[in-house]
Structure formats: structure tokens, C-alpha cells
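Trainee: Can we go through the labels on this model and what stands behind each one?

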Amino acid sequence: MAKEKTVFSCNECGGTSPKWLGKCPHCNAWNTLIESVAQSDAPAKNRFASLAKTAEVAVLSDIEASDVERTPTGHEELDRVLGGGMVEGGVVLIGGDPGIGKSTLLLQALDSLQRSGKNTLYVTGEESGAQVALRSRRLGLDHSQVRVLAEIQLEKILATLEAHRPDVAVIDSIQTVYSEQLTSAPGSVAQVRECAAHLTRAAKASGTAIVLVGHVTKEGALAGPRVLEHMVDTVLYFEGDTHSQFRLVRAIKNRFGAVNEIGVFAMTEKGLKGVSNPSAIFLSQHAEPVPGSCVMVTLEGTRPLLVEIQALVDSGGPSPRRLSVGLDKDRLAMLLAVLHRHAGVACMDQDVFINAVGGVRIGEPAADLAVMLSITSSLRGKPLPKGFIAFGEVGLAGEVRPAPRGQERLKEAAKLGFSVAVVPKANAPKKPIEGMTIHAVDRVEEAMNVVRGLG
């Protein structure tokens with residue numbers, strides 16, 4: 001195949017140049033030229049034309065819609081994040097820090113799929129076939145029939161997909177794959193975008209479900225252009241510390257399921273195992289209640305999780321520190337101001353440290369009330385009652401707003417033995433929950449008075 005001519009186009013203005021320049025000659029922007037395939041003037045067939053299917057204009061109500069069929073991977077937690085399993089022709093992008101378990105989980109999933117009768121292919125660009133075989137022996141996947149291809153050239157990978165027609169294929173990783181049509185190195189913006197586009201179109205045309213493994217930057221975002229996330233159907237992120245036993249897989253985008261769904265895994269000698277009761281991870285085992293600890297119920301996708309919020313308030317001098325791990329730092333500053341203005345609790349000369357136990361990140365505002373109660377508990381040196389939970393969003397006027405799906409949160413807490421709850425008035429259940437005393441509050445000062453009465 002003759003190598004196609006390449007040009008360098010500007011990300012800002014779209015101007016082109018035959019060679020790379022530090023500064024765009026059209027708009028004078030710096031470091032914006034990236035390599036791409038030049039558009040030929042000849043009436044040649046577009047390189048994507050053979051994969052695209054033509055369709056007529058149709059009325060939305062006349063289009064036949066049916067639920068997509070799913071293939072379970074054999075790992076309940078992974079299926080939960082994917083929305084029920086692998087979808088025919090679906091493309092999944094999975095990213096995470098090096099050594100966190102991406103390749104391990106996918107090799108286990110492919111082995112389970114192969115044992116259920118599916119045709120699978122594992123394309124490795126970072127390891128040799130012998131290294132993959134060693135990992136499979138270490139994971140206890142004896143006599144595994146998963147096909148392995150050690151290759152980084154896109155054209156050969158596409159030819160193998162065409163020849164073997166696997167049901168599920170894993171490309172580990174997309175940053176190692178290169179196309180002969182481009183001269184840039186593997187991992188560059190142009191190569192990643194071009195290779196991902198070809199593999200996505202191949203998946204849609206053949207019905208093969210493809211999983212792309214992506215590297216992440218030091219900030220934790222997927223390396224390469226954001227266009228990679230737009231191309232694929234599902235984007236999953238591995239979260240958790242490599243030194244910790246537990247891993248979280250979170251769905252950031254999913255065209256076939258719920259977004260922000262999480263799966264919880266424990267890293268063992270035999271690979272990653274699903275955790276059926278993840279709330280136990282995020283709760284510390286205290287023999288007796290301790291000051292500065294408050295349990296809340298957070299929603300991760302469709303799953304209610306109990307998470308312990310810990311606060312430490314200590315004398316900080318003239319320039320006190322505000323530090324939060326797992327929660328929004330700016331929101332902490334706002335909550336301290338509300339606490340001072342509406343509840344009369346001043347922390348102006350105190351260091352305030354907040355931590356969500358277990359390495360979980362809480363993005364929803366329903367944690368506000370639990371954060372404020374844990375800060376107050378630490379400041380006064382008095383623990384909250386045993387079996388106590390709280391959740392609710394706090395506004396700048398001191399009002400306590402309801403959290404979505406409050407009934408489910410309370411039922412999950414009751415199931416795990418919690419007996420006292422402080423919740424927003426709008427989340428108070430119409431029927432009493434057995435074994436649980438619920439205090440519904442409208443304002444922050446009301447919540448503080450309830451807690452003082454319980455103490």
C-alpha cells in the first residue's frame with residue numbers, strides 16, 4: 001500500500017502546513033499543529049467509505065427500536081458497570097493508572113467469555129505472548145483458549161479481526177498501535193485518533209465488541225485527544241490507590257447503560273474479584289463511636305453505598321488549612337461559612353481536614369450535612385451516637401435540601417443495622433422504617449440541635 005501524503009493542521013484555525021512548525025502561520029497560535037492525512041484531490045474512494053452503511057431518512061416513530069442483546073462477562077461487578085454485559089459492535093474504552101489491574105481484569109473477562117463459548121481475541125502491544133501466558137498461569141486460568149496476538153500495526157490487527165471474526169476483542173493498548181498511513185510515532189495524537197476511528201468502524205461493521213485500553217496522564221485523565229471519548233460507546237475509569245487492595249471501576253459515559261455506575265473489586269493473588277457488599281470497605285471498624293466520624297449514604301449510579309466521612313479540627317494559628325480528600329475542597333470552604341453564619345460554629349482559627357474513608361470520591365452535594373456534623377463533632381470532641389447516619393444538601397441560606405432517592409438510601413442503611421438518621425424533611429418516609437428512628441430537619445441549626453439532644 002502506498003503511503004498517503006500527510007499535512008499538519010492547526011487545532012485552533014484549521015489552517016494547514018506541509019511541515020511541522022512551532023507557530024501556526026495562519027493564526028499565530030503556538031504548538032497547535034498536529035499531523036493528519038491529507039485530503040486527496042483525486043476522486044478516490046474515501047478510506048472510511050467501505051465501512052459506512054448508507055441509510056434513508058426515516059421518521060423517528062417509524063424506526064423499529066429493540067433492546068440491545070448483552071453478553072455477560074462472567075464478572076457481576078463488571079457487568080453492572082457496562083449496563084448488563086458486552087454489546088455486539090460496542091466499543092469500550094477503559095483507562096487507569098499503570099499497574100492498577102486493567103489488563104488483569106480484561107484477561108479474566110476474556111477467559112470467562114471463552115469458557116462460555118464465545119470467540120475471543122487479546123491483542124497485546126505492550127507485552128509478548130509469553131508474558132500474557134505467564135499472567136494467565138498466575139491468575140489460575142489453566143488451559144485457557146483465548147487467542148493472543150502480539151502486534152502493534154493497525155492494518156495487521158484489522159486483517160486478523162476480519163479473518164477470525166471474534167465476538168470480543170481487547171486492544172491493549174491503543175497508544176501502542178500505529179497505522180502505516182501516518183509517519184508519526186505510536187501514541188501521538190494523530191495515530192491514536194486514526195487507529196481508534198478505524199477500529200471503531202470495524203467493530204460497527206463486523207459486530208465484534210472491541211475493548212480499547214487507554215493510558216492516562218499524570219492528572220488521571222485519558223491520554224490523547226478527547227475525541228477518543230466521543231468515538232466510543234462506553235468509557236470506564238479505574239480508580240483507587242495501587243497500594244490499596246480495593247479498586248473501583250466507574251462508568252463516565254455509557255450509551256447502553258447508566259452513567260456513574262461503579263463496580264468494586266478486590267485485588268487478590270488470583271486476580272480481581274467482585275465485592276458484593278462494598279459498603280463494608282468504606283466504613284471504619286470502631287469498637288466505640290469516635291469524635292469527627294459521620295456515616296452517610298451516597299448514590300453511585302443505581303447503587304446506594306454507605307461511606308464514612310471523617311473530620312479532624314485542630315488549632316491552626318493565623319493561617320488555618322482547609323484540606324479535603326475525596327470531597328470538593330471549594331465546597332468545604334462554603335460549608336464552613338454556612339456553619340459559622342447559621343449554626344454559630346466558628347472554625348476561623350482552626351485547621352479542618354476532611355476524608356472519605358476507603359479512597360472513594362464523592363461528587364454529589366448530599367454529603368453536605370454529614371460533613372458539617374462530622375466537623376462539629378470533632379470540634380466539640382463528642383462522638384455522634386452509635387448507628388447514626390445523615391445525608392442532605394445544604395444551601396447558603398442554611399436550608400437543608402432533599403437528596404434524590406432518599407427512601408433507597410434509608411432502606412440500605414437500615415439493612416446494615418443503622419438505627420438513627422438525620423435527613424431533609426422532604427426525604428422523610430411516609431411509612432416508618434422498622435428499627436430506625438428518623439429525624440427530619442429543615443435547617444442546619446435544627447440538625448445541630450437534634451444531634452445535641454441525641455448526645
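Mentor: Here is a run through cysteines, a helix, a pocket and two cavities.
This is a predicted model, so local features need pLDDT of at least 70 and side-chain atom pairs count only at pLDDT 80 or more, while totals for chains, interfaces and linings use all residues. Residues are numbered from 1 along each chain as its sequence is written, and side-chain values use heavy atoms, with hydrogens and water left out.

Trainee: How do you know that Cys10 is in no disulfide?
Mentor: A disulfide here is a pair of cysteine sulfur atoms within 2.5 Å. By this rule the count is zero disulfides. For Cys10, the nearest cysteine sulfur belongs to Cys24 and is 3.7 Å away, so the pair fails the cut-off.

Trainee: And what rules out a disulfide for Cys294?
Mentor: Its nearest cysteine sulfur, that of Cys347, is 15 Å away, so the 2.5 Å limit is not met there.

Trainee: Why does Cys10 count as buried?
Mentor: Buried means under 20% relative accessible area, exposed over 50%, and partly exposed in between, with a 1.4 Å probe and protein chains only. Cys10 has 6% relative accessibility, so the buried label applies. Cys294 is buried because its value is 1%. Across the 455 residues of the chain, 49% count as buried.

Trainee: What makes residues 368-380 helix H8?
Mentor: Helices are DSSP runs (H or I, at least four residues), strands are runs of E with at least two, and both are numbered from the N terminus. H8 has 13 residues, so the length requirement is met. The chain has 10 helices and 23 strands.

Trainee: How do you know that the span of H8 is close to the expected one?
Mentor: The expected span is 1.5 Å times one less than the number of residues. For H8 that gives 18 Å, and the distance from first C-alpha to last is 19 Å. H8 is also mostly covered, with 11 of its 13 residues buried; among them are Asp368, Leu373 and Ser378. Just after H8, Gly381 has a positive phi of about 70°.

Trainee: What makes something a pocket or a cavity?
Mentor: On a 1 Å grid over the protein atoms alone, a cavity is a set of points where a 1.4 Å probe fits but cannot get out; a pocket is an open set with protein on both sides within 12 Å along at least five of seven lines, and lining residues have an atom within 4 Å of a point. Points join across faces, edges and corners, and a volume is the space filled by probe spheres set on them. The largest pocket has a volume of about 470 Å³. Of its 23 lining residues, the closest to its centre are Ser284, His286, Val295, Gly387 and Phe418.

Trainee: How many cavities of 30 Å³ or more are there?
Mentor: Two. The largest holds about 110 Å³, and the second largest about 80 Å³. H2 gives the most to the lining of the largest cavity, with five residues.

Trainee: What makes a lining residue nonpolar, polar or charged?
Mentor: Ala, Val, Leu, Ile, Met, Phe, Trp, Tyr, Cys and Pro count as nonpolar, Asp, Glu, Lys and Arg as charged, and the others, Gly among them, as polar. The largest cavity's lining has 14 nonpolar, one polar and no charged residues. For the second largest cavity, the split is seven nonpolar, four polar and one charged.
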